[in-house]
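Subject: Structure handover

Hello,

Here is the structure I promised to pass on. Please open it alongside this note, which goes through what turned up.

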Amino acid sequence: MYQVGNLVKELSDKHGRARESLMPILQGIVEKHNYLTDEAMVEVARELDISAAEVYGTASFYTFLDTSVRGKYVIRVCKTITCSMKGKAEIIQTLEDMLKIKVGETTSDKMFSIVETNCIGWCHKAPAILINEIPYTELTPEKVVEVIKGYMQKKIITGTHGEKRAK
Ligand code: FES
């Protein structure tokens, strides 16, 4: 659990306090702390003068706005139809075997979380996952092992479209 401190105020100053600023503010908090605490959501509600239920409703609707502790690397496995038909189950099995956690869980060293998500827009290259914001597509169990090993060894991993893992 983190202290939200002045972050909500700073983000509200930056994005404004209108209802449409809610998403960028929540994203800003997740960028910094990886997930949203109840305290952070209440603080956002206070700052924007909207109900905490509205903030919570928005946060829980978007799977990218995590409301529980996540690892440094959040692996989002697309569970929508094309990826499901193209081997999503094997991808999840490989990740679970490798990281020794189940979907929804985080490794004890807080490095990796596995979550499922709806379509991430790479259906034409299914199955696809995102690790934080980087997409990896046309995956096979072997490719997944290679990608995760790279993260474990802190190598630079190139995403499907040339994106580099931050660090
Ligand atoms: S169905 Fe998986 S990326 Fe669209």
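Which residues in α6 meet which residues in α7? On the α6 side they are E90, I91, T94, L95 and M98. On the α7 side they are P141, V144, V145 and I148. By class, this contact has 7 nonpolar residues, 1 polar and 1 charged. Please keep in mind throughout that the model is predicted.

The geometry of that pair comes next. Helix α6 covers residues 88-99 and helix α7 covers residues 141-152. Their axes come within 9 Å and cross at roughly 40°. Angles under 35 degrees would count as roughly parallel, so α6 and α7 are oblique to each other. The crossing of α6 past α7 is right-handed.

Now the overall layout. The domain assignment splits the protein chain into domain 1, residues 7-61, and domain 2, residues 73-152. Between the C-alpha centres of the two domains there are 28 Å.

Domain 1

Start with helix α1, residues 7-15, and helix α2, residues 22-33. They pack at about 135°, and their axes are 9 Å apart. Over 145 degrees would count as roughly antiparallel, so α1 and α2 are oblique to each other. α1 passes α2 in a right-handed crossing. From α1, the contact uses L7, V8, L11, S12 and H15. From α2, P24, I25, G28, I29 and K32 take part. The classes here are 6 nonpolar, 3 polar and 1 charged.

Then look at helix α3, residues 38-48, and helix α4, residues 52-61. Their axes come within 8 Å and cross at roughly 125°. α3 and α4 are therefore oblique to each other. Again the crossing is right-handed, with α3 passing α4. M41, V42, V44 and A45 of α3 make the contact with A52, V55, Y56 and A59 of α4. What classes of residue does the contact of α3 with α4 have? There are 8 nonpolar residues, no polar ones and no charged ones.

Domain 2

The sheet is the place to begin. It is open, with 4 strands in the order β2-β1-β3-β4. The pairing is mixed. Which are the edge strands? They are β2 (112-117) and β4 (134-136), and each pairs on one side only. On average, neighbouring strands are turned by 25° against each other, direction ignored.

β1 spans residues 73-78. It pairs with β2 in the parallel sense, over 6 bridges. One residue to find there is V74, whose bridge partner in β2 is S113.

Helix α6 returns at this point. It lies across β1, β2 and β3 (129-131). Relative to β1, α6 runs at about 155°. So α6 has contacts to follow in two directions: across those strands, and with α7.

Two backbone details

Where is P127 found? It sits in the loop between β2 and β3. The peptide bond from A126 to P127 is cis, and omega is near -5°.

The other detail is K100, in the loop between α6 and β2. Phi of K100 is near 60°. That is a positive value in a residue other than glycine.

If you want a viewing order, take the contact of α1 with α2, then that of α3 with α4. Move on to the sheet, β2-β1-β3-β4, with α6 lying across β1, β2 and β3. Finish with the cis bond from A126 to P127 and the positive phi of K100.

Best wishes

Definitions and conventions
Residues are numbered from 1 along each chain as its sequence is written. This is a predicted model: local features need pLDDT of at least 70, side-chain atom pairs count only at pLDDT 80 or more; totals for chains, interfaces and linings use all residues. Domain bounds come from an automatic or database domain assignment. Axes are lines fitted to C-alpha atoms, for helices over the stretch in contact, and angles run from 0 to 180 degrees between N-to-C directions. Angles under 35 degrees count as roughly parallel, over 145 as roughly antiparallel, 65 to 115 as roughly perpendicular and the rest as oblique. A crossing is left-handed if the near helix is turned anticlockwise from the far one by less than a right angle, and right-handed if clockwise. Two residues are in contact if their C-beta atoms, placed from the backbone, lie within 7 Å. Ala, Val, Leu, Ile, Met, Phe, Trp, Tyr, Cys and Pro count as nonpolar, Asp, Glu, Lys and Arg as charged, and the others, Gly among them, as polar. Two strands pair if DSSP finds at least two bridges between them.
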